[in-house]
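Hello,

Here is the structure I promised to pass on to you. Please have a look at it first, and then read my notes below.

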Amino acid sequence: MKKTLALVLTAALVILTFAACGTSSAPAATEAPAAVEEAAPVAESVKLTVGASSTPHAELLEIVKPALAEQGIELNIVIYDDYVLPNTALQDGTLDANYFQHTPYLNSFNASNGTDLVSAGLIHYEPFGIYSQSVTDLAELAEGATIIVPDDDSNQTRALLLLQQEGLVELPEGASVDTGVTLLDIVDDKGYNVQAVQADAVPSLLANSDAGTVAVINYNYALGAGFKTSDALAIEDASGNAAQTYANIIAVRRGDESRSEIQALVAALQAGAVDAYNEQTGAGIVAIK
């Protein structure tokens, strides 16, 4: 019995020895799987806060919002109803950019407030017009009628040049955008009562004025009041460099005009947003190419 048990154990030991040493029949070792590269994380969207007048600037920004989102830019639009706060908010860093003004106004603002804001690009031109609730032809304008114009330097100059264009006032010889003119410079008011008020107040003052009153209105405020270019009794001559001079711009703090998000915003607005806006609204603003 003991002999038999010894033989069994010996046989088992031989089998285990061959199993441990044999390699020809053993399955090949499985290689460790290659490390799977992780996908690069999706970059977080960049937030771009832009101040704008409600019409048409904020509406134009809404048009380009989806295109900017595809580029990872989250456009935050802050609406302002005046021409001062969007520049002060830009200067103090509350805004990344603003969109409501032309270069002559920006230059005047910088000079008066010690700011250093610059244009990052020209977007569109808004024809400056004379409007009325009751007068249908400037030839019917009665002697002594009130004419309302904006009171800020650049737009008052622009308004007075338009009134001179239409023969409603006479200005000094050589009066121009570069030299600037105010009510005090009027040589002959032709018997009209020319009044200057804050630009954003012009439409409401016109709406509450006596019959026969006319007003020279910045087009964004004219649009907001329900006027279209076709409603204007006269518009400024856009020939020459008027469109370039008075083109509405994207304004930024100096040095930020090269930021990729700012450049993307300008490019998106210049890529057909104005044409799309005109098709939707019939506004008649002019894209700067």
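**What I found**

The mean pLDDT of the chain is 86, and 84% of its residues reach 70 or more. Please keep in mind throughout that this is a predicted model. The part to set aside is residues 1–42, where pLDDT stays under 50. The model has zero contacts beyond four places in sequence for that stretch. Where pLDDT is low, the predicted coordinates should not be read in detail.

**The chain as a whole**

The chain has 289 residues, and 43% of them count as buried. Nine helices and eleven strands are found in it. Among contacts with a separation of 6 or more, 75% are between residues 24 or more positions apart. About 15100 Å² of the chain is exposed, with carbon and sulfur atoms supplying 53% of that area.

**Around E126**

This is the spot I would show you at the bench. E126 sits in the loop between β4 (117–125) and β5 (129–131). What is the nearest side chain of opposite charge to E126, and how far away is it? It is R158, at 6.5 Å, so E126 has no salt bridge even though E126 is buried, the cut-off for a salt bridge being 4 Å. The side chain of E126 does reach the backbone nitrogen of N220, at 3.1 Å. Not counting residues up to four places away in sequence, E126 touches P56, H57, R158, Y219, N220, E236, N248 and I285.

Two residues on that list, R158 and E236, are partners of each other: their side chains meet in a salt bridge, 2.4 Å from N to O. E236 lies in the loop between β9 (234–235) and α8 (242–245) and R158 in helix α5, so this pair ties together parts 78 residues apart in sequence. Both E236 and R158 are buried.

P56, also in contact with E126, has a feature of its own. A cis peptide bond joins T55 to P56, with omega at about -5°. P56 belongs to helix α2, which covers residues 54–70. For context, most peptide bonds are trans, and most residues other than glycine have a negative phi. On the phi side, K190 is one to look at: it is not a glycine, yet its phi is positive, about 55°. K190 is in the loop between α5 (153–165) and β7 (193–197). Is K190 buried or partly exposed? It is partly exposed, because its relative accessibility is 37%.

**Salt bridges**

The count of salt bridges comes to six. One of them joins R254 and D116, whose closest N and O atoms are 2.9 Å apart. This pair links distant parts of the chain, 138 residues apart: R254 is in the loop between β10 (247–253) and α9 (260–281), and D116 in the loop between α4 (103–113) and β4. R254 counts as exposed because its relative accessibility is 52%, and D116 is partly exposed at 36%.

There is also a network of salt bridges that links D96, R253, D256, R259 and E261. Within this group, the side chains of R253 and D256 meet at 3.3 Å, N to O. D256 has 17% relative accessibility and so counts as buried.

**T213 and F227**

These two loop residues make a good pair to view together. T213 is in the loop between α6 (202–207) and β8 (214–217), and F227 is in the loop between α7 (219–224) and β9. T213 counts as buried because its relative accessibility is 5%; F227 is buried too, with a relative accessible area of 11%.

A polar atom of the T213 side chain lies 2.9 Å from the backbone oxygen of D210. Leaving aside neighbours within four places in sequence, T213 is in contact with Y131, S132, S134, V135, T146, I148 and L206. With the same kind of neighbours left aside, F227 is in contact with Y131, S132, Q133, L206, I217, Y219 and A222. Y131, S132 and L206 are therefore contacts of T213 and of F227, contact being heavy atoms within 4.5 Å. The C-alpha atoms of F227 and P203 are 9.8 Å apart, and these two residues are 24 residues apart along the chain.

Happy to look at any of these places together with you.

Best wishes

Definitions and conventions
Residues are numbered from 1 along each chain as its sequence is written. This is a predicted model: local features need pLDDT of at least 70, side-chain atom pairs count only at pLDDT 80 or more; totals for chains, interfaces and linings use all residues. Side-chain values use heavy atoms; hydrogens and water are left out. Helices (H or I, at least four residues) and strands (E, at least two) are DSSP runs, numbered from the N terminus. Buried means under 20% relative accessible area, exposed over 50%, partly exposed in between (1.4 Å probe, protein chains only). Lys and Arg count as positive and Asp and Glu as negative; His and the chain ends are not counted. A polar contact is a pair of N or O atoms within 3.5 Å; within protein, one must be able to donate a hydrogen and the other to accept it, and residues adjacent in sequence count only if both atoms are side-chain atoms. pLDDT is the predictor's confidence in each residue, from 0 to 100. Accessible areas come from the Shrake-Rupley method with a 1.4 Å probe; for residues, only the protein chains shown count as cover.
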